[in-house]
Amino acid sequence: MSWIYLVSAGLLEVVWAYFMKQSDGFTRLIPTSITIITMIASFGLLALAMRTLPLSTAYTVWTGIGAVGAFLIGTFLLGEPANMMRVVAALLITSGLLIMKFS
């Protein structure tokens with residue numbers, strides 16, 4: 001169950017990062033509200049996952065999901081550049097997450 005909490009927390013991190021961008025510096029009410037709600041939920045699920053998972057694993061996986069997810073959202077929804085170096089970096093982060101999961 002801890003891994004479900006952790007992956008959900010990581011996905012919510014991607015959601016709040018996206019809506020933080022959409023909030024235009026917390027000047028738009030709805031994106032700001034979604035940011036705050038999903039941020040609290042993400043932290044709460046991370047805390048639940050950390051009841052049984054080691055800090056080094058939980059925090060690394062959480063931030064990794066957020067980093068790769070933000071890269072994908074930025075690339076596909078926001079039109080940010082996806083040059084070869086950025087794609088390789090995302091693949092390396094993903095590889096690290098898989099290694100962390102199975103170690």
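A residue counts as buried when its relative accessible area is under 20%, as exposed when that area is over 50%, and as partly exposed in between. Trp-62, with a relative accessible area of 4%, is therefore buried by this cut-off. The model described here is a predicted one, and Trp-62 is a convenient place to begin, since it belongs both to the largest nonpolar core and to a cluster of rings.

## The nonpolar core

The largest nonpolar core comprises eleven residues, namely Leu-6, Ala-9, Leu-45, Leu-46, Ala-49, Leu-53, Ala-58, Val-61, Trp-62, Ile-65 and Leu-97. Two or more of these residues come from each of the elements H1, helix H2 (29–49) and H3, and H3 gives the largest share, four residues. As a general background to such an arrangement, nonpolar side chains in soluble globular proteins tend to be buried together.

Within this core, Ala-9 illustrates how members meet across the sequence: when residues up to four places away are not counted, Ala-9 touches Ser-42, Leu-45, Leu-46 and Trp-62. Of these partners, Leu-45, Leu-46 and Trp-62 are themselves listed in the core.

## Aromatic pairs

A pair of aromatic rings is described by the distance of the centres and the angle of the planes. The structure holds three aromatic pairs, and two of them are set out below.

| Pair | Centre to centre | Angle between planes | Arrangement |
|---|---|---|---|
| Tyr-18 and Phe-19 | 5.1 Å | 80° | edge-to-face |
| Tyr-59 and Trp-62 | 5.7 Å | 45° | tilted |

Tyr-18 and Phe-19 are both partly exposed, Tyr-18 with a relative accessible area of 24% and Phe-19 with one of 23%. The angle of 80° between their planes is over 60 degrees, and the pair is therefore classed as edge-to-face.

In the other tabulated pair, Tyr-59 is partly exposed at a relative accessible area of 44%, whereas its partner Trp-62 is buried at 4%. Because Tyr-59 and Trp-62 lie three residues apart in helix H3, about one helical turn separates them. Ring pairs also bring in Phe-43, so that Phe-43, Tyr-59 and Trp-62 are linked into a cluster.

## The largest pocket

The largest pocket has a volume of about 190 Å³, and its lining is formed by Trp-3, Val-7, Val-61, Ile-65, Val-68, Gly-69, Thr-94, Leu-97, Leu-98 and Lys-101. Helix H1 (2–22), helix H3 (55–76) and helix H4 (84–102) each contribute at least two residues to this lining. Sorted by class, the lining has seven nonpolar, two polar and one charged residues. Val-61, Ile-65 and Leu-97 appear in this lining and are also members of the largest nonpolar core.

Thr-57 shares a partner with this region. This residue lies in helix H3 and is buried, with a relative accessible area of 10%. Leaving aside neighbours within four places in sequence, Thr-57 is in contact with Trp-3 and Met-100, and Trp-3 is one of the residues that line the largest pocket.

## The loop between H1 and H2

Two residues of the loop between H1 and H2 have backbone angles that deserve a separate note. Asp-24 lies in this loop, and its phi is near 55°, a positive value in a residue other than glycine. Phe-26 is found in the same loop, between H1 and H2, and its phi, near 60°, is likewise positive in a residue other than glycine. Asp-24 is exposed, with a relative accessible area of 53%, while Phe-26 is partly exposed, with a relative accessible area of 46%.

## Separations in sequence and in space

Two residue pairs allow sequence separation to be set beside C-alpha to C-alpha distance. Ile-40, which lies in helix H2, is exposed with a relative accessible area of 59%; Ile-40 and Leu-12 are 28 residues apart in sequence and 9.3 Å apart in space, C-alpha to C-alpha. Lys-21 is found in helix H1 and, at 56% relative accessibility, counts as exposed; Lys-21 and Leu-48 are 27 residues apart in sequence, and their C-alpha atoms are 27 Å apart in space.

Definitions and conventions: Residues are numbered from 1 along each chain as its sequence is written. This is a predicted model: local features need pLDDT of at least 70, side-chain atom pairs count only at pLDDT 80 or more; totals for chains, interfaces and linings use all residues. Side-chain values use heavy atoms; hydrogens and water are left out. On a 1 Å grid over the protein atoms alone, a cavity is a set of points where a 1.4 Å probe fits but cannot get out, and a pocket is an open set with protein on both sides within 12 Å along at least five of seven lines; lining residues have an atom within 4 Å of a point. Grid points are joined across faces, edges and corners, and a volume is the space filled by probe spheres set on the points. Ala, Val, Leu, Ile, Met, Phe, Trp, Tyr, Cys and Pro count as nonpolar, Asp, Glu, Lys and Arg as charged, and the others, Gly among them, as polar. Rings of Phe, Tyr and Trp (its six-membered ring) pair if their centres lie within 6.5 Å; planes under 30 degrees apart count as stacked, over 60 as edge-to-face and the rest as tilted. Buried means under 20% relative accessible area, exposed over 50%, partly exposed in between (1.4 Å probe, protein chains only). A nonpolar core is a set of buried Ala, Val, Leu, Ile, Met, Phe, Trp, Tyr and Cys residues joined through side-chain atoms within 4.5 Å. Contact means heavy atoms within 4.5 Å.
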